[in-house]
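Hi,

Here is the structure I promised to pass on. Have a look at it first, and my notes follow underneath.

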Amino acid sequence: QVQLVESGGGLVQAGGSLRLSCAASGRTASNFHMGWFRQGPGKEREFVAQIRRSDGSTYYLDSVKGRFTISKDNAKNTVSLQMNSLKPEDTAVYYCVALSRWWPPQYDYWGQGTQVTVSS
């Protein structure tokens, strides 16, 4: 079992920045690739970014490329999402996810989510 706890959400004006963090714990937490999803109001949950455990390769949703950066600290079992140039459409609950398979992705564990609100 892996537990994921997100932090760092909040309210920010358009054009601003936020940094989300996710701490993974559990006996096998270090074996997983990590990622982020989000779910905006009235929308389906969507993929945002993921990072590979072994070499740090990344993959992003097209609409966040160049604005968001996912990173990880294997020693601490944490993953972060640096979000710059935020837009109102980035408003969502952001979820940390642990993947047991990179491609096709298999999402095994989810955090409880953290709210990000971007005001115009």
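Keep in mind that this is a predicted model. I started from one cross-strand pair: Leu99 has Tyr107 in E10 as its bridge partner. That pair belongs to an antiparallel arrangement in which four bridges join E9 to strand E10 (residues 106-110). The link between E9 and E10 is a hairpin of four residues.

E9 has other partners too. With strand E4 (residues 33-39) it pairs in the antiparallel sense over seven bridges, and there Gly35 has Val97 in E9 as its bridge partner. E9 also pairs with strand E11 (residues 114-119), again antiparallel, over three bridges. As for cover, seven of the 10 residues in E9 (residues 92-101) are buried, so to speak of the strand as mostly covered is fair.

The residue I'd click on next is Tyr94, which lies in strand E9 and stands opposite Thr114 in E11. Is Tyr94 buried or exposed? Tyr94 counts as buried because its relative accessibility is 0%, and the cut-off for buried is under 20%.

What does Tyr94 touch, leaving aside residues up to four places away in sequence? Its contacts include Glu6, Leu20, Trp36, Phe37, Val48, Phe68, Leu81, Met83 and Val116. Arg38 is also on that list, and the side chains of Tyr94 and Arg38 are joined by a polar contact of 3.0 Å. By contrast, Asn74 sits 20 residues from Tyr94 along the chain, with 21 Å between their C-alpha atoms.

Cheers

Conventions:
Residues are numbered from 1 along each chain as its sequence is written. This is a predicted model: local features need pLDDT of at least 70, side-chain atom pairs count only at pLDDT 80 or more; totals for chains, interfaces and linings use all residues. Side-chain values use heavy atoms; hydrogens and water are left out. Buried means under 20% relative accessible area, exposed over 50%, partly exposed in between (1.4 Å probe, protein chains only). Helices (H or I, at least four residues) and strands (E, at least two) are DSSP runs, numbered from the N terminus. Two strands pair if DSSP finds at least two bridges between them. Contact means heavy atoms within 4.5 Å. A polar contact is a pair of N or O atoms within 3.5 Å; within protein, one must be able to donate a hydrogen and the other to accept it, and residues adjacent in sequence count only if both atoms are side-chain atoms.
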